[in-house]
Amino acid sequence: MTQLMTFENIREHESLSMYRDTKSARKVMMKEIKRVIEANPIFRGRLEFPIVKGERLRRLINQSLNWQHMQCEDPHQNPAIDTLFVDHVCDPQVCIQHSPSIENNAKPSQTISYQSPACSVKSSLSTVAQYASRIGGSFPAKNPATKVIEDSDVLSKRMPIVTVDEVTSTITDHGQNHISELAISKDLPSTVIRTLNEGSSPVSMDFHPVWLTVLLVGTSAGEIGLWDVSCGGKMVARNFNVWDLGACSMALKVALEKDSHVSVNRVLWSPDGFLFGVAYSKHVVQLYSYIGGDELDQILEIDAHLGGVNDLAFSSPEGELLVITCGDDRTIKVWDVVSGNRCFTFEGHDAPVYSVCPHIKDNIPFIFSVSTVGRIKVWLYDNLGDRIDYDAPGLGCTKMAYSADERLFSCGTSKGGESYLVEWDDTVGCFKRVYKGLGPNPLSAVQFDITRNQLLAAGDDHMVKFWHMDNTQLLKAIDADGGLPANPHIRFNSDGTLLAVSSSGNQIKILANANGLDLLQGCGNDSIDASGVESETSRKNGNVAEVNSKTTGEATYGEKAWETIERPSQCQSLQLCADVKRTKISKLIYTNAGDAILALTSNAIHLLWKWPQNDLSSSGKATTKVQPLLWRPTSGLQLMSNDLSSTNPEETMPCFALSKNDSYLMSASGGMISLFNVISFKTMRKVMAPPPAATCLAFDPRDNNVVAIGMDDSTIMIYNARLDKVTNALAGHTKRVTSLAFSTSMKSLVSSGADAQIFVWNADEWKIQKSKALQIPDGSKLRALLQIPDGNKLRALSDSDTHVQFHEDQLHFLIVHKTHLAIYEVKELGCVNKWVSDSSEPISHATFSCDSQTVYASFVDGTIGIFDASVLVLCCRIKPSAYLPADISCSYTVYPLVIAGHPQKPTQFAVGLSNGEVHVLEPLESEGEWGILPTVKRNLESSAPAKTTFQGFLYE
């Protein structure tokens, strides 16, 4: 060893001259060991290992685990098997008695009793999944591009699945909440309240996700129709026709020449309700937009598959809305709904593909597909093939669906007519429950639906059958007053209060529970298109149109009722200068002192303008008379900037919140949340790496160390900056949280989300006090936007984000949606006033003035509306030509994205534009206020019916 240490290179030693590196040395050693072993006559010719495919290896492991568990004297449901090399013995425990199960078509003498091997097979699958996860074979795969996926394929392909016979025994349901089945059955939509008459047999139906009484129907004759079930009227009807025959494939033309009959296979709304898709029996998928009224707009036609298009679904795996189709040509295809480009084609089925089910779990998007012979495959959004391949129960046409609480169900019918409704363990690939009560169906596949995270329903044996998710026994069966086909099509609305059921004679029956009856009575005879309705008051006075309902007054404003400002000389405006490259302004706020404006751009940079004290502005407050300075600290630090997410910055939802003393700023732009010192620009802390990403922030006014953080996974985190930890997690929304606001007097937090829901939380115990779904009014004139071939505007329209801001009295708050403004009171979430946009452009943002007597709203066409907050009446409209240069105001591409009110001057506000500019606006000094607000208010008070005034708001 001493001699080796003297060498510059150990290979200079004669004995080590052949040494290269560790890897090569080991190869040499292994060859020598192999030669020595083979020289032994006992081992000669016996060292050739058989070639074992991945499927076979997986089956061998399964068999070994099953054998171990079957030999156990007391087999448990979830054995902890750690190794294949030592015989497994379950730990003793108290046995749970299981009741025997009976096959639906079995005679009383054919009772199938509980057997431990069946349970052992299911349990062993769970164990195999655990084993696979330890060596990188879990599903879904975290990184489809790595070697781990290749290993996963070896372990996961052709996953052996427990047969139905093996799991028909009743197993104790986990999470049983002991809900009274009697109470549940009473709440089922079982009362027939409407009968709709179609021209041909309904084959597919879907309720609008927001307008709970709008039903989309597709028929066997190729017709699509939109019904308002509240009044039983058909609003829109369209027969099948090819929009552009010249652009179609020759195969489609030949098919139509041979047989012109085309039926609808599937209709489906997009998650936001702005689009719907229609899959036809010949080649074609068509996408329409509908925003109310009696018109449909054609968005996209796709010559998608050779033969029929059997199913379609919408998904947004990376923020871009995609449509997924499957067809008789045995393929699944993914399309961009804006461009119509095909993104992916998945091939691998050996039979026509019957259904698709996209989902996102653990931030991994994937797609289930099921063929007509019951083969289930799982695909990631890449071109690497299917990740998992196994069999559906009965090996027949099957559809799969996730409930809102991430539980996976499927329902299908075999070629022999046996039907199966099951719940899956999607991480393992085995059944958790098999629901009883379905009869033989030799003619067609059973259709099913899910609602309210607790009920399953299926159309079977001329009835609608219901199950509680946690109980395999049939809960209830109803015949809907008779006349149902053998396997009726069914569809719930989004809150489970209405159920559409196809009936004989080309009819659709609408069933309702007590809440559904209230919903229909509340809708009354109101049109879905409320924006164009005028009352007698508006016709008599010519200035205000009020659309009254039981709970709220909706208003649009007449053409001559407000003052229009369209020239720069009619108001005071100031563009804030900045020598920084910037993109659009995503967030805008005044400091609480009123001497500065803070903006966050879409490229994650913060811009802070401060007003100096001088002769023109002795107070140093924000004013249009003095140009502020873009603030930079004397320390030489760069501007405050956020971490950007790896996704497109345009797809993130930037957010920030300023502390009450203007000293601290919390901000995020899709990446980690940053805590800044506003005085020094120093980054004090970064927390909460995505996913999920923060989408909105609000400081608790009672404690600057407590921050409410809305997330894009629908949760709200209560973060304590002093403790540097999340103290509470609030769950209630079903889509991303878009706005948060605290009420100091009510000790409440109000949240709104992309699901059009409002929640009121107790700010001490962080529990839900009240919740309400917004009834989004329709603005049919927004339809014009969808005729513009602009993908960004299409995506903007499909966004259901809402914004919430408290009134000065802390008892009421403003709700801002693209279609309307509304004032709600906190205690009961009653809508006090509502204004529905009657323009051709949606609302981009709105805010209260500091005294809450005025609402400033910006629109996508560049105009700014000024409203009397007490009655939500438009008093003044500022056109872009009044505050933008002529070349920009005429382009219609620059408009305000955000608007902020001065904290002390009720007539001053600022707007952040789509081109990165910030403008401050004030009325002329000679007028002192905007528009003709006092005159309009007097006219309203003199012409409107008697109302009770409370805290400045009007109640019916």
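Strands, like helices, are DSSP runs numbered from the N terminus, a strand having at least two residues. The structure shown in these close-up views is a predicted model.

**View 1. The loop between β40 and β41 holds cis peptide bonds between prolines.**
P691 has its place in the loop between β40 (683-687) and β41, and P692 lies in the loop between β40 and β41 as well. The peptide bond that joins P690 and P691 is cis, with omega at about -5 degrees. A cis peptide bond also leads from P691 to P692, and here omega is near -5 degrees.

**View 2. The second largest pocket is lined by 44 residues.**
The space in this second largest pocket comes to about 1,400 Å³. Of the residues in its lining, I589, N592, L740, Q805 and F806 lie nearest the centre of the pocket. Seven strands are named for their part in the lining, each supplying at least two residues: β33 (585-590), β37 (655-658), β41 (694-700), β45 (737-743), β49 (803-806), β53 (843-848) and β57 (896-901). Sorted by class, the lining of the second largest pocket is made up of 23 nonpolar, 17 polar and four charged residues.

**View 3. W835 and F867 form an edge-to-face aromatic pair.**
A search of the whole structure finds 22 aromatic pairs. In the pair formed by W835 and F867, the ring centres are 4.8 Å apart and the planes meet at 70 degrees, which makes the pair edge-to-face because the angle is over 60 degrees. W835 belongs to strand β52 (residues 831-836) and F867 to strand β55 (residues 864-868), so this pair ties together parts that are 32 residues apart in sequence. W835 is buried, its relative accessible area being 1%, and F867 is likewise buried, with a relative accessible area of 0%.

**View 4. F909 and W930 form a tilted aromatic pair.**
The distance between F909 and W930 is 5.7 Å centre to centre, and the angle between the planes is 45 degrees. F909 lies in strand β58 (residues 909-913), while W930 is in the loop between β59 (918-922) and α14 (933-943), so the pair ties together parts that are 21 residues apart in sequence. Both of these residues, F909 and W930, are buried.

**View 5. Other aromatic rings take part in a cluster or have a charged side chain over the face.**
One aromatic cluster is formed by W243, W269, F276 and Y288. Elsewhere, K610 lies over the face of W631, at a distance of 4.3 Å from the ring centre. In a further arrangement of this kind, R877 lies over the face of F859, at 5.7 Å from the ring centre.

**View 6. D389 makes a side-chain contact with K377.**
D389 is part of strand β17 (residues 388-391). With a relative accessibility of 6%, D389 counts as buried, because buried means under 20%. The side chain of D389 makes a polar contact with the side chain of K377, at 2.8 Å.

**View 7. D244 and E301 are brought together from separate parts of the chain, with 8.3 Å between their C-alpha atoms.**
D244 is located in the loop between β5 (233-238) and α8 (250-258). The relative accessible area of D244 is 43%, and D244 is therefore partly exposed, as the value falls between the 20% limit for buried and the 50% limit for exposed. Along the chain, D244 and E301 are 57 residues apart.

**View 8. D362 and S714 have positive phi values although neither is a glycine.**
D362, with a phi of about 55 degrees, is found in the loop between β14 (353-361) and β15 (364-371). S714 has a phi near 85 degrees and is found in the loop between β42 (703-711) and β43 (715-720). S714 is buried, with a relative accessible area of 12%.

**View 9. I899 of strand β57 is shown with S858, the two being 6.9 Å apart in space, C-alpha to C-alpha.**
I899 and S858 are 41 residues apart in sequence. I899 is buried, with a relative accessible area of 2%. Strand β57 (896-901), in which I899 lies, is also among the strands that each supply at least two residues of the lining of the second largest pocket.

How values were computed:
Residues are numbered from 1 along each chain as its sequence is written. This is a predicted model: local features need pLDDT of at least 70, side-chain atom pairs count only at pLDDT 80 or more; totals for chains, interfaces and linings use all residues. Side-chain values use heavy atoms; hydrogens and water are left out. On a 1 Å grid over the protein atoms alone, a cavity is a set of points where a 1.4 Å probe fits but cannot get out, and a pocket is an open set with protein on both sides within 12 Å along at least five of seven lines; lining residues have an atom within 4 Å of a point. Grid points are joined across faces, edges and corners, and a volume is the space filled by probe spheres set on the points. Helices (H or I, at least four residues) and strands (E, at least two) are DSSP runs, numbered from the N terminus. Ala, Val, Leu, Ile, Met, Phe, Trp, Tyr, Cys and Pro count as nonpolar, Asp, Glu, Lys and Arg as charged, and the others, Gly among them, as polar. Rings of Phe, Tyr and Trp (its six-membered ring) pair if their centres lie within 6.5 Å; planes under 30 degrees apart count as stacked, over 60 as edge-to-face and the rest as tilted. Buried means under 20% relative accessible area, exposed over 50%, partly exposed in between (1.4 Å probe, protein chains only). A charge sits over a ring if NZ of Lys or CZ of Arg is within 6 Å of the ring centre and within 35 degrees of the ring normal. A polar contact is a pair of N or O atoms within 3.5 Å; within protein, one must be able to donate a hydrogen and the other to accept it, and residues adjacent in sequence count only if both atoms are side-chain atoms.
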